[in-house]
Protein chains: 2
Amino acid sequence: MAYSPATPVSSAPRHLCETARAAFVAHFGERFTTGAAVRDHHARDESAYPPVQPDGVLFARDTDDVVAAVKLCTQFNVPLIPFGIGSSIEGHVLPIEGGITIDFRDMNRVLAIQPEDFTVTVQPGVIRTQLNDEIRHTGLFFPIDPGAHASIGGMTATRASGTNAVRYGTMRDNVLSLKVVTATGEVIRTSSRARKSSAGYDLTHLYVGSEGTLGVIVEITLRVYPLPEAVTAAVCSFPTLRHAVQAVTEIMQSGVPIARVEFMDERAVRAVNAYSKTALAEQPLLLFEFHGSPAGIAEQAVIVQELTAGQGGTAFQWAEKPEERTVLWTARHNYYFACLQQRPGGRAITTDVCVPISRLADCVTDTAADLQSLAFPWSIVGHVGDGNFHVVMMIDADNEQEWHQAEDINNRLVLRAIQMDGTCTGEHGVGIHKMGFLKAEHGEAALQLMRNIKHAYDPNNIFNPGKIVSWSA
Amino acid sequence: MAYSPATPVSSAPRHLCETARAAFVAHFGERFTTGAAVRDHHARDESAYPPVQPDGVLFARDTDDVVAAVKLCTQFNVPLIPFGIGSSIEGHVLPIEGGITIDFRDMNRVLAIQPEDFTVTVQPGVIRTQLNDEIRHTGLFFPIDPGAHASIGGMTATRASGTNAVRYGTMRDNVLSLKVVTATGEVIRTSSRARKSSAGYDLTHLYVGSEGTLGVIVEITLRVYPLPEAVTAAVCSFPTLRHAVQAVTEIMQSGVPIARVEFMDERAVRAVNAYSKTALAEQPLLLFEFHGSPAGIAEQAVIVQELTAGQGGTAFQWAEKPEERTVLWTARHNYYFACLQQRPGGRAITTDVCVPISRLADCVTDTAADLQSLAFPWSIVGHVGDGNFHVVMMIDADNEQEWHQAEDINNRLVLRAIQMDGTCTGEHGVGIHKMGFLKAEHGEAALQLMRNIKHAYDPNNIFNPGKIVSWSA
């Protein structure tokens, strides 16, 4: 049997008793199920933890369903776990303390598009690609792209970002307002739809990144942007990562508004070449994207070529035609599959630290040195403009030693990042997997302030318990 | 004697007893004073409320001083009010429930400049113009400009913004991390200096806009930006505000990154012309600023001229030379003084709603209609790109009827804005003055969630009590 890391649980499980089950069935009918197949489907995400089945799954139809579920869960003292599409890689959706899962599959409507205000309002089950399909006719788009076909609810709950955060920010910057069901079963809006406000504590940002632990998000108002008139991509190779990072810093200092800038180390390039049949130079590489007017982009091109050349950049290549751009970005998007191909049947373990850009070269270089001794495949990609990078390690899922090696690498990497004034998670969230690092990152006093919020907002510990902060210190 | 609006007080004052005073003097020596002149200087801000003297004033020298003050205030059950330069217009710094004021005049150092990371770390007493003077040599600047020569601490505490939020965001978007003294006298950092993070609840945003009610901010890490290569301004007149707003919406939809876009109604233009000896057409006007490369700005110019012409824009005028720009923006900056000149000896009452841009024309038009009956001077200016606008009313401070008229206008305006899915305060904050509107804006349940945070973070109600939310429902 395959090895799995042990799942830390902070409180004893509280399961659905028969009376409670009957109450859920009576209220929700067929929308609530305790069938084995459905429970099994909600027992896992993309994390390494072993599956944990919820006691039942509610396919919520509307906010009223969520309110009723919160009240029933409170009445019967049963945890409640929101579920988007299960693409978390840190164990967010595992019902480790028992309870029911609310699946937002059927709350998947774009509720409003306000083109003049550059906002849209959506239900949590809307998938980001679906959103862009539904608003394309307005000339607007939603930029956040975490790679996975994630739900907007999940992206909000984990404060997700991705490749173009350098230009457009993360979910932190692009969620304008939320509708939330609170522990009392009341429905609140965290703010008006005004672009800015100084009217009291910032409840919106408190819920963004709260991972279902403070309430259940049932509507999300997002900022959207005009589709760029022109888009161009470019690749450039560098002697070392340090040269690449320096080039990016200089480009940003020059004021060029890079929309995306992705780093791949030579191992990542090799994996991508093998998988996508590309012929990129197998050395540290930057993949750029620029959004703007045709003249603006042409002007940026001159600056970028000059600054990359100044840092030893070679094999500079523009991809102005859509099909050329698609080749490059598809190769980058398929990086994860390229890694899987390096070890068929293997399991990918992904890290997620983020450091100030001035420390990025040091952090990646030290990490690469730490990785040298490993016998299994690994490579590094990064969102350089943000200081966020991922190590992907391809381990044999049945090999306990490889699990431990990968976990040890991650532990050292996280502590290295924190020492460099960085964070244990740039965009994947805490879930279960990063809980142990929050004390090192924030300190005990700040962690206690977070715990105070959990206690104040969820006095019965109903909302996704055992995630982000433990109930007791 | 001049009339003043009554100051609402939610709890009985808790004053400094003689033992407490002696303890402060023993600990802080000459940095703590109970002298009448100093107390009087801290008894007022720019709001309409009558002065309220603090029981003493501490000129804090460092974080240790703040920690000691929090501990002494807790020990003796005395409120503590942070004070920047006193430019609040909503009564934030009035010690309405007694207590001592911490003045940050002497905590005014720029602690670190990290040009590669586009961040700076400052003490709360740093003035925004001082910050820009101190970082100019790096080619970077801090964009937020609330008009007043405000302190960064005060701007953080009130979630301030100003004329170029449309491009650079508000304090919400530009504070990366804070150091805060909590109710237990512990010093926390709200986050690392990484550009993005998903590591737990967003304490940074909880403190931005908390107006001194949840802890005392002692360090602020801000995002800064490359100084634009080129800057151009333009003015254009319109038949009505609605035409002006429509032009702005279309310009933003076109993707032109406007850095500033300010609206003035015909009355504001008239006041400015009289004060600044400008000859602007006395009809609704937009004042633009663009940041970018020379070619980028030239390109934007074509689009902007076309789109403004399409909305009946006339008297379009570019100001490419710095001295031409200075004339225009100085006229705008001196708008407040132009209003004062309309009624020498009068008092300016300023409103601050913000609505979704799609509702801005309606909100301003309805408000202007409501203002027609007034006998005293008034005019309207707005940060159109954000949907935020201000009515300035010049009343006779001795005339109780005019006070009431102005307050009634403000009440109706706030409720109108809230009905249009807007906010009672776009950038000035809640203080005392807007507390009564938060229930209408957020609803009772959300307001209670805010109160829960206050209770959890400040169990003894020491931090600037009686502001934002009342202690009891």
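**Exercise 1. Find how many salt bridges cross the interface of chain B and chain A.**

Solution. Start with the rule: a side-chain nitrogen of Lys or Arg lies within 4 Å of a carboxyl oxygen of Asp or Glu. Across the interface of chain B and chain A, this gives 10 salt bridges. One of them pairs Arg189(B) with Asp421(A). Their closest N and O atoms are 3.0 Å apart.

The model is predicted: local features need pLDDT of at least 70, side-chain atom pairs count only at pLDDT 80 or more, and totals for chains, interfaces and linings use all residues. Side-chain values use heavy atoms, without hydrogens and water.

**Exercise 2. State how many residues each chain gives to the contact, and what area they bury.**

Solution. Take contact as heavy atoms within 4.5 Å. Chain A gives 81 residues, and chain B gives 81 residues. Next, take buried area as the accessible area (1.4 Å probe) that two parts lose on being put together, summed over both. The two chains bury about 6,700 Å² between them. Carbon and sulfur atoms carry 56% of it. In chain B, the most area is lost by Arg195(B), Lys196(B) and Tyr201(B), together 15% of what that side buries.

**Exercise 3. Identify the turn and shift that lay chain B on chain A.**

Solution. Superpose by least squares on the C-alpha atoms of residues with pLDDT of at least 70 in both copies. A turn of 180° and a shift of 0.0 Å along the axis give an RMSD of 0.0 Å. That is the relation of a two-fold axis. In chain B, Gly296(B) has the C-alpha nearest the axis, 2.7 Å from it. Finally, compare the surfaces: 100% of the interface residues of chain B are also interface residues in chain A, so the copies meet through the same surface.

Note on methods: Residues numbered from 1 in each chain as written. Chains lettered and ligands numbered in written order.
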